[in-house]
Amino acid sequence: MKKVFMMFFASVMFLAGCTATGAQDVPWTDESLKDVNANEFILSDLKGKPTVIKVWASWCSICLSGLRQYNELSAMDIDANVISIVEPGRGGEMNEEDFSKWFLSLDDYKDMTVLLDTIDLIKNEFGVRAYPTYFYLDADANIVKIHPGHQDNDEIIQALESIREG
């Protein structure tokens, strides 16, 4: 019995290790989201360049403390897509109208693209468990790296360069 359990445990650990590495092809790029200005953003437009997506919440102090840096990164010419996504009305977040009004009242973050996930993309496709979480996509929009927790701009740029180099 002990031998069977050890073989089962080793198999589970092996499979868990396999799922944690490598690119994941996610069909979510067929979707579109609106930004805080109610403009439609088609996710397939991310294809062609490496991308970083910051998933965050307005109630998250770590998320808020990193917004200024992320706004600066968004304004840089780094040959990559830099976007962020929030989930209005979910997980303690304000509803869509209140969030947009709040965010647009902030003067310091005019370079950031903030998309509003009202279709459960984060919940159903990304599996976010912590805020902030950064998703890195290759030029084909495959998720190649996930980083929960804050990252500074140097770390983000380094990750994007690594993706670009393949």
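**A friendly note on this predicted model**

1. Let's begin at a turn. In the hairpin made by strands S6 and S7, five residues sit between the strands, and Ala141 among them has a positive phi near 70 degrees. Please keep in mind as you read that this is a predicted model.

2. Now follow the two strands that the hairpin connects. S6 and S7 (residues 143-148) run antiparallel and are joined by five bridges. If you would like one pair to find on screen, look at Tyr136, whose bridge partner in S7 is Lys145.

3. It helps to place that hairpin in the whole chain. The chain has six helices and seven strands. Read from the N terminus, the order of the elements is α-β-β-β-α-α-β-α-β-α-β-β-α.

4. Helix H3 is a good one to study. Which residues of H3 (residues 67-75) are buried? They are Leu67, Tyr70, Asn71, Leu73 and Ser74. These residues lie on the same side of H3, because they cover an arc of only 160 degrees around the axis. A general rule is handy here: an α-helix has 3.6 residues a turn, so residues three or four places apart point the same way.

5. What do the buried residues of H3 pack against? Their neighbours are three strands and helices you can pick out in turn: strand S3 (51-55), helix H2 (61-65), strand S4 (81-86), strand S6 (133-137) and helix H6 (153-165). Notice that S6, one of these partners, is also the strand bridged to S7.

6. Next, have a look at Glu125, which is found in helix H5 (residues 121-126). Is Glu125 buried, partly exposed or exposed? Its relative accessible area is 36%, so Glu125 counts as partly exposed, since that class lies between the 20% and 50% cut-offs. Glu125 also shows how folding brings distant parts of a sequence together: Glu125 and Trp28 are 97 residues apart in sequence, yet their C-alpha atoms are 7.0 Å apart in space.

7. The chain-wide values add to this picture. Among contacts with a separation of 6 or more, 68% are between residues 24 or more positions apart. Of the 166 residues in the chain, 39% count as buried.

8. Finally, there is a space inside to look for. The structure holds one cavity of 30 Å³ or more, and the largest cavity contains about 30 Å³ of space. Its lining is formed by Trp56, Ala57, Trp59, Glu87, Arg90, Gly91, Glu93 and Tyr131. By type, these lining residues are four nonpolar, one polar and three charged.

Methods:
Residues are numbered from 1 along each chain as its sequence is written. This is a predicted model: local features need pLDDT of at least 70, side-chain atom pairs count only at pLDDT 80 or more; totals for chains, interfaces and linings use all residues. Side-chain values use heavy atoms; hydrogens and water are left out. On a 1 Å grid over the protein atoms alone, a cavity is a set of points where a 1.4 Å probe fits but cannot get out, and a pocket is an open set with protein on both sides within 12 Å along at least five of seven lines; lining residues have an atom within 4 Å of a point. Grid points are joined across faces, edges and corners, and a volume is the space filled by probe spheres set on the points. Ala, Val, Leu, Ile, Met, Phe, Trp, Tyr, Cys and Pro count as nonpolar, Asp, Glu, Lys and Arg as charged, and the others, Gly among them, as polar. Helices (H or I, at least four residues) and strands (E, at least two) are DSSP runs, numbered from the N terminus. Buried means under 20% relative accessible area, exposed over 50%, partly exposed in between (1.4 Å probe, protein chains only). The arc is that of the directions from the helix axis to the C-beta atoms. Contact means heavy atoms within 4.5 Å. Two strands pair if DSSP finds at least two bridges between them.
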